[in-house]
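Please read the following account with the coordinates open beside it. The text begins at the ligand and then turns to the backbone.

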Amino acid sequence: MAGSCNNVGPVARMRPCVARHLTERKDTMDILAAAKQRYTAKAYDPTRKVPEETMRQIYDLMRNSPSSVNSQPWHFIVASTPEAKARMAKGTPAAFAYNEPKVLNASHVVLFCARVDADAAHLDKLLAQEQADGRFRDDAAKAGQAKGRLGYVNLHRYTQKDLPQWLEKQVYIALGTAMLGASALGVDTTPMEGIDTRALDAEFDLHAQGLSSLVMLSFGYRAGDDFNAALPKSRLKEEQVFTFL
Ligand SMILES: Cc1cc2nc3c(=O)[nH]c(=O)nc-3n(C[C@H](O)[C@H](O)[C@H](O)COP(=O)(O)O)c2cc1C
């Protein structure tokens with residue numbers, strides 16, 4: 001397979017393969033260009049669909065996002081049919097109606113959900129997956145990982161008392177990854193916190209699954225008359241947001 005890598009081990013892995021992969025793919029976009037061309041689409045062309053193959057790459061990016069202690073406290077609900085998008089639009093009533101067309105006219109809409117707890121069942125699932133993926137040399141390594149992860153969970157549960165918020169932060173990493181990745185793949189996006197999370201929790205019966213809805217992300221191709229596409233990007237200057245020591 002073109003671009004496949006066979007090197008293994010923590011030191012040898014990845015870098016050479018990534019570099020080779022990038023040079024092999026002539027259409028690979030510079031990551032900074034992807035960040036700069038990304039903007040929040042305010043209107044979509046309802047006739048255009050993002051190919052499933054492209055969406056699958058974006059889903060893979062999301063699933064491969066990093067999270068503290070590999071907690072992966074996310075669940076992604078995907079809508080692409082008119083019926084499914086109508087269900088998503090139950091999250092854009094009244095005060096959030098300005099977001100409704102960005103849901104209904106988009107090609108795909110993903111609801112990012114967060115686990116409200118890192119309970120024993122979830123922690124066991126993570127550990128079992130890590131074992132299946134070959135992360136543990138021996139039982140001691142496995143026990144060490146379980147103990148270390150539980151230590152962080154308990155720090156946030158009992159000491160900092162911010163466990164749900166800490167879990168939500170991890171989900172936002174996947175949101176950022178998805179937006180940048182989509183831009184690199186030529187897909188426009190709209191992140192939306194302007195949603196009725198209570199309505200969406202009920203629509204998808206999220207509480208029964210230990211989940212709550214957090215933020216929505218639409219994918220598609222901008223409409224020709226999207227006013228936001230023509231506006232320049234605005235960001236604080238480097239010296240305002242960086243301190244170089
Ligand atoms: C977490 C998050 C939530 C947002 N919620 C909304 C929203 O509900 N509706 C909307 O039109 N834009 C929303 N935005 C878009 C922001 O207003 C936009 O990212 C910001 O103004 C910077 O512009 P740019 O994305 O075009 O670079 C959201 C952005 C983020 C990151």
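The paragraphs below treat the ligand shell, a strand pairing and two backbone angles in turn.

In this predicted model, the ligand is surrounded by Y39, T40, K42, N99, T190, P191, M192, E193, G194, V215 and K233. Sorted by class, this shell comprises four nonpolar, four polar and three charged residues. Strand β3, which spans residues 188-192, makes the largest contribution to the shell around the ligand, with three residues.

The surroundings of β3 can be followed further, since four of its five residues are buried and the strand is thus mostly covered. Strands β3 and β4 run antiparallel and are joined by five bridges. Within this pairing, P191 of the ligand shell stands opposite L217 in β4.

Which residues depart from the usual sign of phi? Most residues other than glycine have a negative phi. N70, although not a glycine, has a positive phi of about 55°, and this residue lies in the loop that links α3 (52-63) with β1 (74-79). N70 counts as partly exposed because 14 other C-beta atoms lie within 10 Å, a number between the limits of 12 or fewer for exposed and 20 or more for buried.

D205 is likewise not a glycine and has a positive phi, of about 50°, and its place is in the loop between α9 (197-203) and β4 (211-220). D205 has 9 C-beta neighbours inside 10 Å and therefore counts as exposed, as the limit for that class is 12 or fewer.

Key
Residues numbered from 1 in each chain as written. Predicted model: local features only at pLDDT ≥ 70, side-chain atom pairs only at ≥ 80, totals over all residues. Near = placed C-beta within 6 Å. Helix = DSSP H or I, 4+ residues; strand = E, 2+ residues; numbered from the N terminus. Nonpolar A, V, L, I, M, F, W, Y, C, P; charged D, E, K, R; others polar. Pairing = 2+ DSSP bridges.
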